[in-house]
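Me: Please take a close look at one part of this model for me, the helix crossings, and then set that part against the rest of the chain. Keep it chatty, but residue by residue where it helps.

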Amino acid sequence: MDAYDQGPGVRLGQPDDPLSPLPAGAVRDVPGDPRPEEATGADQADQAEGRAPDAAAPRTGVAALSLGYRIAAALALGVVAVVACVHLGMVFLHVAPANVVTKEHGKAIDDWIYPEFEQNWKLFAPNPLQQNIDVQARAELRTGDGGERTTGWYDLSALDGAAIEGNPLPSHTQQNELRRAWDFYVTSHDEENRPVGLRGALSEDYLRRVVALRLGREHTARHGETVERVQVRSRTTNVPPPKWSDERVGTAPAYRPLPWWPLPDGERAGASAP
């Protein structure tokens, strides 16, 4: 049978001969290449299901949300960005040297910073602290038979130091709670323990509560006793200079006692024995 009688798509010559000529309009099969009908099979399936042949991939993330949710997400992101910028600006003005802005808006800056975001730069001061300050406290108790008893002084700073020593991961409370409470009180009172500004009463309440909790933790009150009042004092000693220094400082401790503070009922229960 003549090859031309089998139709125009039949190749001439040997089937495996890549150089064999083909008639006009015929398509040579190349190993590894899909046939035209195979290449369009997926497109035909898409068309049968009503999809576009080149449909885009499904959206993910924020793009997959509806228009309303995308607007809400954009607004939330904008609010977070504004708050972050305001906070950074307030912190910068708080730690920056005195200038026109801080003099004009100092109260607003302090209201934003204190007490949660206070910045303490004493470590980098030109003249860092050269004193050891211990916060000590004692309590006046009402005994079960109606009498009174006053405890000795508890060195709360020494107790914190003993808890931190040897602890590779001390808590923030052990390191800073008592120290920051005392600093808060000192900066808001004068040398006569009189409040300076509006934060004086707040600092007294905060220090009193911290001391009451610490005394209760040390089991100051015995069974049946009630803590009526507490008193706080500081014991300040100078750090001795190094041996090679010619500086001479006194090493005798200096005390700063505070008045007796009566405990409210809520704090009294936490500091007393059950």
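Reply: Let's get one term straight before looking: a crossing is left-handed if the near helix is turned anticlockwise from the far one by less than a right angle. Keep in mind too that this is a predicted model. With that settled, find H3 (residues 67-95) and H4 (residues 100-113), whose axes come within 10 Å and cross at roughly 120°. That angle makes H3 oblique to H4, and H3 passes H4 in a left-handed crossing.

Now zoom in on the residues. On the H3 side, the ones that meet H4 are Val86, His87, Met90, Val91, Leu93 and His94. On the H4 side you'll find Val101, Thr102, Ile109, Asp110, Trp112 and Ile113. Sort this contact by chemistry and you get eight nonpolar residues, three polar and one charged. Some of these names come back in a separate five-residue core, which includes Met90, Val91, Ile109 and Ile113.

There's another helix pair to set beside this one. H5 (residues 156-164) and H6 have axes that come within 9 Å, crossing at roughly 165°. Over 145 degrees counts as roughly antiparallel, and H5 and H6 are therefore roughly antiparallel to each other. H5 passes H6 in a left-handed crossing. From H5, the residues involved are Leu156, Ser157, Asp160, Ala163 and Ile164, and they meet Gln174, Gln175 and Leu178 in H6. The tally for the contact of H5 with H6 is four nonpolar, three polar and one charged.

H6 is a handy way into the main core. The largest nonpolar core has 22 residues, and H6 (172-187) is among the elements giving two or more residues to it, along with strand S1 (131-142), helix H7 (200-217) and strand S4 (226-238). H7 is the biggest giver, with five residues. If you want the best-connected members of this core, select Leu207, Val211, Val227, Val230 and Val232, which touch the most other members. Val230 is a good one to centre your view on. Leaving aside neighbours within four places in sequence, Val230 is in contact with Arg138, Ala139, Arg208, Val211, Leu215, Pro259, Trp260, Trp261 and Leu263.

Leu215 turns up again around Tyr154, which is found in strand S3 (residues 154-155). Skipping residues up to four places away in sequence, Tyr154 touches Val135, Gln136, Ala137, Leu215, Glu218 and Thr220. The C-alpha atoms of Tyr154 and Ala137 are separated by 5.3 Å, although the two are 17 residues apart along the chain. Even with those contacts, Tyr154 counts as partly exposed, because its relative accessibility is 24%.

Next, a look at the loops on either side of H7. The loop between H6 and H7 holds Ser188, and it's also where Asn193 lies. At 2% relative accessibility, Ser188 counts as buried. Apart from neighbours within four places in sequence, Ser188 is in contact with Arg194, Pro195, Val196, Arg199, Gly200 and Ser203. Asn193 is worth a click for its backbone: phi is positive, about 65°, although Asn193 is not a glycine. Asn193 also counts as buried, because its relative accessibility is 15% and the cut-off is under 20%. On the way from H7 to S4, the loop contains His219, another residue with a positive phi, about 55°, although it is not a glycine. His219 counts as exposed, though, at 66% relative accessibility.

Finally, zoom out. The protein has eight helices and six strands, and from the N terminus on they run α-α-α-α-β-β-β-α-α-α-β-β-β-α. Buried residues make up 22% of the 274 residues. As for contacts with a separation of 6 or more, 57% are between residues 24 or more positions apart.

Notes:
Residues numbered from 1 in each chain as written. Predicted model: local features only at pLDDT ≥ 70, side-chain atom pairs only at ≥ 80, totals over all residues. Heavy atoms only, no water. Core = buried A, V, L, I, M, F, W, Y, C linked by side-chain atoms within 4.5 Å. Buried < 20%, exposed > 50% of the residue type's maximum accessible area, 1.4 Å probe, protein only. Helix = DSSP H or I, 4+ residues; strand = E, 2+ residues; numbered from the N terminus. Contact = heavy atoms within 4.5 Å. Axes fitted to C-alpha atoms, helices over the stretch in contact; angles between N-to-C directions. Parallel < 35°, antiparallel > 145°, perpendicular 65-115°, else oblique. Nonpolar A, V, L, I, M, F, W, Y, C, P; charged D, E, K, R; others polar.
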